[in-house]
2 protein chains.
Amino acid sequence: MPLVTRDREATGERILAAAGELFAEHGYDQVTVRMIASAAGANVALVNRYFGSKANLFATVLITASTVTAAIEGDLARLPARLAEHVAHRLRTGASEPLVRMLDRAGTSPEIRAVLTARVETGLVDAISARLPGPQARERALLATVIILGAGSLRRLLGPDGLHDADPAVLQARLETAFRACLAPAAD
Amino acid sequence: MPLVTRDREATGERILAAAGELFAEHGYDQVTVRMIASAAGANVALVNRYFGSKANLFATVLITASTVTAAIEGDLARLPARLAEHVAHRLRTGASEPLVRMLDRAGTSPEIRAVLTARVETGLVDAISARLPGPQARERALLATVIILGAGSLRRLLGPDGLHDADPAVLQARLETAFRACLAPAAD
DNA sequence: CACCAGAGTAAACAAGCGTATACTTGAAAA
DNA sequence: TTTTCAAGTATACGCTTGTTTACTCTGGTG
């Protein structure tokens, strides 16, 4: 039995998986192809060989990276509740929401920004907006997106201990109210 | 009249000012000391000579960099309105809120994160929290901070044209409702 | 005028990055 | 067994980064 399996597809998968975790955890800029290769147990050169470039690998990773999607779909009446739960859970546990994490950790390379922007537009704003009946759907979706993104920023900023003295239940309840305020068909 | 004034203090000021603008615009990681020096019309070596290190320069910049402060202070009843106006204005025009910009553009260097965390804690969360009477003040302040940060992320992500089809008045009105939901003494 | 502390400069340093190249190895085909 | 070709490897290239060192220049002072 060979120490390393000579299997291009499997190796590619390992690289993709490792890249996904690392990008979500540390952001595009802070992750090096050497880190990815090391985590995947593959050689540095294979990353570029199989995915062309680091940026291209990032784009590939991004295609299949989101967990909010589940919260957006489902019963419309409970949409604010589900979003609140999702965000509160993320604030509390730091659970991985790869898309959001990559977003506010990404650098400012135009190439990377473009793929991220497209992803937020379709994966968050458009996805939420499409679910909302009534006028001002886009505005309402944008504000919900603001909260989703903001929670990511705050959590990343304050870290695991930054929220320890805040009551999770309170946060979630108030988040739901806030989401409701953003998403309601009529303002006020 | 000499082409360059040999004035340590003035040069230091120019470097500080240039660093402030560049950090706010492009984030810590994307700004190089050479960019700062060039923008300030100074030599590369002076940046490190006068401020010790890039990280230290960043910390120095951060001390005097915030414009939300004004919105936080003043009549408590109108606090949600002022915050909503501030955030809406920022969404619409991309107006500079240096602290927020640097936040979600900063890299993940522990050193940089620490100084940013401290700044958000004192400049946003604590500042807002201190103004709120009643229970759950910290939770309420945290959620308001979420919106403030999230708006920065969204604006940066979508760019100047990303919001062109959203009605600014609608955004502001809904933001105010959302802030009210977050900040209200009692949930629901 | 001569001097000199110190502002400003040029150049190089070591380290790290993404990427490319030339090589080695192993397993399947002949 | 021998051949062969792609998977995997080792290594180095070219570049950029933050930082430091040794130097030049200048304006105020005696």
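Reader: What makes the reach of helix H6 (residues 79-93) of chain B close to what is expected?

Author: Helix H6 of chain B has 15 residues and reaches 21 Å from its first C-alpha to its last. The expected span is 1.5 Å times one less than the number of residues, and for H6(B) that is 21 Å, so the helix counts as close to expectation. Before we go on, this is a predicted model: local features need pLDDT of at least 70, side-chain atom pairs count only at pLDDT 80 or more, and totals for chains, interfaces and linings use all residues; side-chain values use heavy atoms, with hydrogens and water left out. As for labels, residues are numbered from 1 along each chain as its sequence is written, while chains are lettered from A and ligands numbered from 1 in the order in which they are written.

Reader: Why is H6(B) called mostly covered?

Author: Eleven of the 15 residues in H6(B) are buried (buried means under 20% relative accessible area, exposed over 50%, partly exposed in between, with a 1.4 Å probe and protein chains only). Among the buried ones in H6(B) are Leu79(B), Leu83(B), Val87(B), Arg90(B) and Leu91(B). Just after H6(B) comes Gly94(B), with a positive phi of about 70°.

Reader: Why does Arg155(B) count as buried?

Author: Arg155(B) has 16% relative accessibility, which is under the 20% limit, so Arg155(B) counts as buried. Arg155(B) belongs to helix H9 (residues 137-158) of chain B.

Reader: Which residues is Arg155(B) in contact with, leaving aside neighbours within four places in sequence?

Author: Contact here means heavy atoms within 4.5 Å. On that basis, Arg155(B) contacts Arg90(B), Leu91(B), Arg92(B), Thr93(B), Gly94(B), Pro160(B) and Leu163(B). You've already met some of those: Arg90(B) and Leu91(B) are buried residues of H6(B), and Gly94(B) sits just after that helix.

Reader: Why does Val146(B) count as buried, and which residues does Val146(B) touch?

Author: Val146(B) is at 1% relative accessibility, so Val146(B) falls on the buried side of the cut-off. Val146(B) is another residue of helix H9 of chain B. Setting aside residues up to four places away in sequence, Val146(B) touches chain A: Val146(A), Ile147(A), Gly150(A), Ala151(A) and Leu154(A).

Reader: What makes Val47(A) count as buried?

Author: Val47(A) has 0% relative accessibility, so Val47(A) counts as buried. Val47(A) is in helix H3 of chain A and touches Ile15(A), Val33(A), Ile36(A), Ala37(A), Gly52(A) and Leu57(A), not counting residues up to four places away in sequence. For a sense of distance, Val47(A) and Leu57(A) are ten residues apart in sequence and 8.0 Å apart in space, C-alpha to C-alpha.

Reader: How many helices and strands are there in chain A?

Author: Chain A has ten helices and zero strands, where helices (H or I, at least four residues) and strands (E, at least two) are DSSP runs numbered from the N terminus. Buried residues account for 54% of its 188 residues. Of the contacts in chain A with a separation of 6 or more, 67% link residues 24 or more positions apart.

Reader: How do you know which residues surround DNA strand C?

Author: A residue is near a strand if one of its heavy atoms lies within 4 Å of it. For DNA strand C, 23 residues surround it, and the closest are Arg6(A), Thr32(A), Asn48(A), Arg6(B) and Thr11(B). Sugar and phosphate make up 49% of the strand C atoms that come within 4 Å of the protein.

Reader: What makes the Arg8(B) pairing with DNA strand C a polar contact?

Author: A polar contact is a pair of N or O atoms within 3.5 Å; within protein, one must be able to donate a hydrogen and the other to accept it, and residues adjacent in sequence count only if both atoms are side-chain atoms. A side-chain N or O atom of Arg8(B) is 2.8 Å from a phosphate oxygen of strand C, so the pair qualifies. Thr11(B) also has a side-chain N or O atom 2.7 Å from a phosphate oxygen of that strand, and for Tyr50(B) the distance is 2.8 Å.

Reader: Which part of DNA strand D is 3.1 Å from the side chain of Arg49(A)?

Author: A base oxygen of DNA strand D is 3.1 Å from a side-chain N or O atom of Arg49(A). Thr11(A) instead pairs with a phosphate oxygen of strand D, at 2.8 Å, and a polar side-chain atom of Arg8(A) lies 3.0 Å from a phosphate oxygen there.
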